Amino acid sequence: MQKNFLLVCLLIISLLLTGCENKRELDELGIVLGVGIDLISDGLIQLTVQVAKPGEMKGQEGGGGGGATPVSVITSQGRTMFEAVRNMTLFSSKKLFFSHNQILIFGENLAKHGLDEVIDFLERDPELRTEVPMLIAKGTAADILKIPGNLEKITALEINNALETVEFSAKAGRVEFYDFLRTYFKKGFSPVVPLIEKTTVQGKEQHRIAGMAVFKNDKLAGTLNEHETRGLLWITGQIKSGIIVIKNQKQPDTWISLEIKSAKSKITVKQKNKVPQIEVDIQENSSLGEVTGPLSVNTSNKLNMLKQYQDKEIKHEVDSVLNKALKNLKADIFGFGHEFYRNYPKEWAHIKDSWEQKLPSLKVSIKIKSNIENTGEKTNSTTAAKKEN
Amino acid sequence: MILFKNFFRRFRKQKNISPEAEWRSTCQQNIRANLDENLQLVRANLGNSSDVIIRSLKIASCNVDAFLLNLDGMADQTLVAECIIKPLILLEYQTDGNNNGVIGEIKDSIIAIADVKEVSSLDEALSGVLAGDTALFVDGSKNALVLSTKGFESRGVQDPQTETVVRGPREGFSEPLRINTSLIRRKIKNPDLILKNMTIGKQTKTNLCIVYLKGVCDEKIVQELKNRLSRIDTDSVFGAGNIEQFIEDAPYSIFLTVGITERPDVAAAKITEGRVAIIIEGTPMVLTVPYLFVEGFQSPEDYFVRPFFATLTRWLRYTAFLITIYLPPVYIALTTFHQEMIPTPLLITFAAAREGTPFPGFVEALGMGIVFEFIREAGVRMPRPVGQAVSIVGALVIGQAAVSAGLVGAPMVIVTALTAITVFLVPSLLEVTTALRLAITLAAGFAGLYGILLTTLLIFIHTVSLRSFGVPYISPIAPLTLKDLKDVLVNAPIWAMGTRPSQIGYQNLKRQAYNMKPKPPKKD
């Protein structure tokens, strides 16, 4: 009997000795909502965090003032990332809690120097999530995090949401840290990360998503503007919505906006005489969203004409990014090399070292098949309808 | 459990002479032929109590002395006067004068009472008197007559207080045993309905009645119940709970293995399913065995409303049960151990509410839980007129003021309130839920979700090992009986409930005809 009792006791004790006992009350935690990492002089790493001040968040009831910001921005430095994190305790009364981080911003300096210095900690630490959207700041990350919230109270949340709504313009893509790591480790694939910059609109500081940053390995190699970014997204098939603006070539200074309803792309890699040949098939569906000037789209001829314009515009965007990435930056941001490796793993072994040199001369053929599904609620443009009357 | 048993066994090795037997030996006397001796014996036994009525009279028909014995307030005195005294002293019926036959003559020809027993021992006569009957002692006879004249004040059949329904019968059990058995008899008019009486309690001599349906109920369960009941050697029985604790399968478990109901329709339904009911004199609560865990979620209302709604409400009860047990522990676990699992906006809301509150979340939860139990207990026990005071104190002082004073975070109040409301969706499991919640909350406070998981595992292990009169407690879920889930997972339409629960009514599984789904007549 006593033996059994002892056994039960041992069992219970062993169940309780599993460790991971970290009790922390909510009010002892500084909930980190945004993390910015910069490289400053002397090779020091500067960490900037946005910490929520829950008390100020309550806001509406009884708060009144509204002047108080619900986040505070704290900055610390260290030789390594971890040291910088722990140095935060020199400035903060609460233990920082990183699990709810909404955004990860790297400064331009650090990106140019190479992200390898900090990635290890970000991957290793269990508290940090890798599913957090990642951005490269033009300038320093600290500057971005210091911009007061505009539509939302918290800048980090605002940027996070902005990266989701940006798909309606398709001028930048949302890239999570995890995605970055995945492409980073892939063969023949260069990661791209959205760029963010600080602008001043009517005397008010604002952040703006400004295209994408191109990486070669862990280093920032160059940037894509919005036009080129759109081209990249066409090729990688990441476009969900967006507007294509084309010029009505028959009427000066009139424009036609087409709303992208759906888009698909397919990258096929072939080999001809040991030379890789890339084919990109882009399929697109759109609807007529806006017409300025007199134009009535009431015949299939006119619709076909619009389709041609559309094809041309897409082609233009795609060409621009191919030109920029392959010829200028020599970065395979489309994953052509990776696709080639998947299809011809043996051949890849021979050319993988010279892949970068081969990029400028890579043959990429683009096929675009676009369609305009409908013309909205009417056929004639408003100007055209007025003239007919 | 075994440890406990051993612990108590040490104190139990005492002499085993029951005072009951002692008392019986003095009382086990035969009725004498001499009327005066009998009178003295009765006086001695009843100790000259003030409510004892002894009426001496002369039986007119044979000119023999006799006396009537009953208790004021227990026997119906008008009945005694009209049907016993009147015929005895007025009726000049010619007898053959044989004194030994007098008692038989009186029984057969004079007394106008339906239930008459001839007894020879004083004990039997007295126990009848103590239960409200009238005893007739006749000079020269060694037997006495016990005449059923029970007529005491009782509450009558009223609305059941603890189990109310919207559609369904409104009568509830009352205190007198006879009313209660008749309530069941009225529902099940079947000669197979067997009622077996027993008397328990040395002092109280409480009658109880085992009710079951022969041919449906397993006789082994009845026998086991009788064994358990006859083992009881106690002073007093004042309520169903007194008996319940003596016949439980797992007395140390927080799970109840004996059902309790106040509704004759529920008791009757359980009897027809093959269960045994124990009606106890003096309480409107009737026990039913075997009792399964799922019965706590089955309300009589379920069978009176349409099946879809019944299924919905049943799942509401399951959800409520889970919420009332798990909400406070999960809240504590998430806010003090696993903050990364809370969605960010919610976490910030929680953090904002926690800001400035002095106690750790665990203490907060425990404190609020105890406060709720205070209010609940006060609400049950307090005199009606002060009810408002309690609700004001409960709602305003503890809910509102505690938050605005910054003692407790608002989410904690919401958690406690939700727990409090949901617990009453499964009122029959109130004791279970309260204990479980406390246990899991403690575990969550020490080890977070890990603790919750461990306690849940323990609860599972414990419940699947429980039996109620040989029937697995968690059945029909474990062991799984798919057929019986018709009354567990869903509430099947009444016409589809073709079989009795197979763990209970296996003696006679078919309850009704199959294929009774109503449909419109076919067009010719």
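Is Ala170(A) buried or exposed? Select Ala170(A) to find out: the residue is buried, with a relative accessible area of 3%. Keep in mind that this is a predicted model.

**Stop 1: a loop in chain A**

Stay on Ala170(A). The residue sits in the loop between helix H8 (155-165) and helix H9 (177-185) of chain A. Now check its backbone. Phi is near 50°, a positive value in a residue other than glycine. Most residues other than glycine have a negative phi, and most peptide bonds are trans.

**Stop 2: a positive phi in chain B**

Move to Phe469(B). Here too phi is near 50°, positive although the residue is not glycine. Look for Phe469(B) in the loop between strand S11 (467-468) and S12 of chain B. Phe469(B) counts as buried because its relative accessibility is 6%, and the cut-off for buried is under 20%.

**Stop 3: two cis peptide bonds**

Continue along chain B to Pro479(B), in the segment after strand S12 (471-472). The peptide bond from Ala478(B) to Pro479(B) is cis, with omega near 0°. Next, select Val289(B) and Pro290(B). The bond from Val289(B) to Pro290(B) is cis, and its omega is near -10°. Pro290(B) belongs to the loop that links strand S10 (286-289) and helix H11 (307-336) of chain B.

**Stop 4: the sheet in chain B**

Switch to a cartoon view of chain B. Find the open sheet of five strands, in the order S1-S2-S4-S5-S3, with antiparallel pairing. Its edge strands are S1 (52-59) and S3 (116-119) of chain B, each paired on one side only. On average, neighbouring strands of this sheet are turned by 25° against each other, direction ignored.

Focus on one pair. S3(B) runs antiparallel to strand S5 (residues 144-147) of chain B, over four bridges. Which residue of S5(B) does Val119(B) stand opposite? The partner is Ala144(B).

Now add helix H4 (residues 77-90) of chain B, which packs on the sheet. H4(B) touches S1, strand S2 (64-71), strand S4 (134-138) and S5 of chain B. The direction of H4(B) makes about 20° with that of S1(B). Then add H6(B). This helix lies across S2, S3, S4 and S5 of chain B. H6(B) runs at about 50° to S2(B).

**Stop 5: the second largest pocket**

Keep H6(B) on screen. Which helix gives the largest share of the lining of the second largest pocket? It is helix H6 (residues 122-130) of chain B, with six residues. The pocket has a volume of about 1,600 Å³. Its lining comprises 50 residues. To centre the view, select Ser127(B), Leu130(B), Ala131(B), Lys205(B) and Asn207(B), which lie nearest the pocket's centre. Colour the lining by residue class: 21 are nonpolar, 15 polar and 14 charged.

**Stop 6: Ala443(B)**

Finish on helix H16 (residues 430-465) of chain B, where Ala443(B) lies. Ala443(B) counts as buried because its relative accessibility is 17%, and the limit is under 20%. Show its contacts. Leaving aside residues up to four places away in sequence, Ala443(B) touches Gly448(B), Gly451(B) and Thr455(B). Last, draw a distance between the C-alpha atoms of Ala443(B) and Ala333(B): they are separated by 9.2 Å. Along the chain, Ala443(B) and Ala333(B) are 110 residues apart.

Definitions and conventions. Residues are numbered from 1 along each chain as its sequence is written. Chains are lettered from A and ligands numbered from 1 in the order in which they are written. This is a predicted model: local features need pLDDT of at least 70, side-chain atom pairs count only at pLDDT 80 or more; totals for chains, interfaces and linings use all residues. Side-chain values use heavy atoms; hydrogens and water are left out. On a 1 Å grid over the protein atoms alone, a cavity is a set of points where a 1.4 Å probe fits but cannot get out, and a pocket is an open set with protein on both sides within 12 Å along at least five of seven lines; lining residues have an atom within 4 Å of a point. Grid points are joined across faces, edges and corners, and a volume is the space filled by probe spheres set on the points. Ala, Val, Leu, Ile, Met, Phe, Trp, Tyr, Cys and Pro count as nonpolar, Asp, Glu, Lys and Arg as charged, and the others, Gly among them, as polar. Two strands pair if DSSP finds at least two bridges between them. Axes are lines fitted to C-alpha atoms, for helices over the stretch in contact, and angles run from 0 to 180 degrees between N-to-C directions. Contact means heavy atoms within 4.5 Å. Buried means under 20% relative accessible area, exposed over 50%, partly exposed in between (1.4 Å probe, protein chains only).
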